[in-house]
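Student: I am new to this structure and should like a close look at a single part of it. Would you please take me through one helix and its surroundings, and then place that part within the wider picture?

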Amino acid sequence: MAPAGQPAARPPFVAANWKMNLLRGQAEAYCGVLRQGALGALHAVEAIVFPPFPLLPIVAAGLAGSGILVGGQDLHPEDSGAHTGDVSGPQLADAGCSWALCGHSERRRDHGESDDLVGRKAAAALRAGLTPMICVGETREERRAGRAFEVLERQLTAALAHLAADRFAVAYEPVWAIGTGETATAETAQEAHRFLRGVLAGTAGRILYGGSVTPENAAGLIAQPDVDGFLVGGASLDPRRFLSIMAVCVG
Ligand code: PGA
């Protein structure tokens with residue numbers, strides 16, 4: 001976030017990644033709590049929810065007109081075709097999405113997604129009118145070996161090579177901090193975000209931090225000059241905790 005006294009170029013951005021959680025009734029109730037609770041915050045923070053695919057229609061309807069955006073957790077690099085079990089960018093856009101996560105570390109781990117595939121997915125998102133959120137992050141072993149920045153640069157440069165437009169966000173999610181309760185310190189996050197900002201070389205992409213973000217640790221992280229917001233997993237499953245994180249970002 002920009003230092004006090006200096007207006008941020010854009011408001012902080014807070015995203016809820018539900019991963020493979022929640023059912024229809026829970027999603028409906030969540031949207032009611034979120035849209036009501038966010039009313040006072042949306043002048044100063046942007047919010048987005050990434051539900052699992054089957055819940056997209058419910059969430060898109062539940063958040064319609066609220067100003068809170070909806071995104072898909074993944075998409076196929078092609079726009080249509082014989083790809084059983086996959087979902088395309090045009091289908092996400094048709095379901096009410098304006099964003100798509102690309103290359104979340106759980107997709108890289110569970111589905112062997114390569115840096116190049118992640119870039120092709122980001123390009124597919126842009127073609128469909130969606131804004132890609134490109135996820136990057138090093139493993140614990142890579143950090144211990146002093147290779148964190150090398151990995152981040154490789155992942156981000158590979159994705160950027162596919163992007164013709166300046167419309168994207170980056171989520172820095174150190175793998176060792178995701179779902180572990182071991183969040184990066186504010187200093188570690190800032191150092192990585194500053195590095196990624198350098199790799200972006202002046203392009204407009206915002207850089208969100210993800211990895212065990214909670215209402216309790218969000219203030220220290222968002223105070224960092226290069227942390228533009230959060231991608232929240234576990235703590236976003238309770239709309240009240242997600243709202244508390246939004247409130248911290250409003251300040
Ligand atoms: P977490 O997940 O907040 O549960 O660590 C973050 C993410 O993977 O997007």
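Tutor: A residue is called buried when its relative accessible area is under 20%, with a 1.4 Å probe and protein chains only. The model shown here is predicted. With that cut-off in hand, consider helix H2, which spans residues 56-63. Its buried residues are Leu-56, Ile-58, Val-59, Ala-60 and Leu-63. Among the elements that cover these buried residues are two helices, H1 (24-38) and H3 (89-94), and two strands, E2 (46-50) and E3 (69-72). After H2 comes Gly-65, which has a positive phi, near 80 degrees.

Val-59 leads from the helix to the wider interior. The largest nonpolar core has 63 residues, and Val-59 is listed with Leu-34, Tyr-209, Phe-230 and Met-246 as having the most contacts inside that core. Apart from neighbours within four places in sequence, Met-246 touches Val-14, Leu-34, Ala-38, Ala-41, Leu-42, Val-45 and Ala-47. A second core, separate from the largest, has 12 residues, including Phe-13, Ala-15, Cys-135 and Leu-208.

The ligand completes the picture. It is surrounded by 13 residues, of which Lys-19, His-104, Glu-173, Gly-179 and Ser-212 are the closest. By class, this shell comprises four nonpolar, seven polar and two charged residues. Polar backbone atoms also approach oxygen atoms of the ligand: the distance is 2.6 Å for Gly-179, 2.9 Å for Gly-233 and 2.8 Å for Gly-234. On its own the ligand has 280 Å² of accessible area, and the protein covers 95% of this.

Methods:
Residues numbered from 1 in each chain as written. Predicted model: local features only at pLDDT ≥ 70, side-chain atom pairs only at ≥ 80, totals over all residues. Heavy atoms only, no water. Near = heavy atom within 4 Å. Polar contact = N/O pair within 3.5 Å; in protein donor to acceptor, adjacent residues only side chain to side chain. Areas by Shrake-Rupley, 256 points an atom, 1.4 Å probe, with all protein chains shown as cover. Nonpolar A, V, L, I, M, F, W, Y, C, P; charged D, E, K, R; others polar. Core = buried A, V, L, I, M, F, W, Y, C linked by side-chain atoms within 4.5 Å. Buried < 20%, exposed > 50% of the residue type's maximum accessible area, 1.4 Å probe, protein only. Contact = heavy atoms within 4.5 Å. Helix = DSSP H or I, 4+ residues; strand = E, 2+ residues; numbered from the N terminus.
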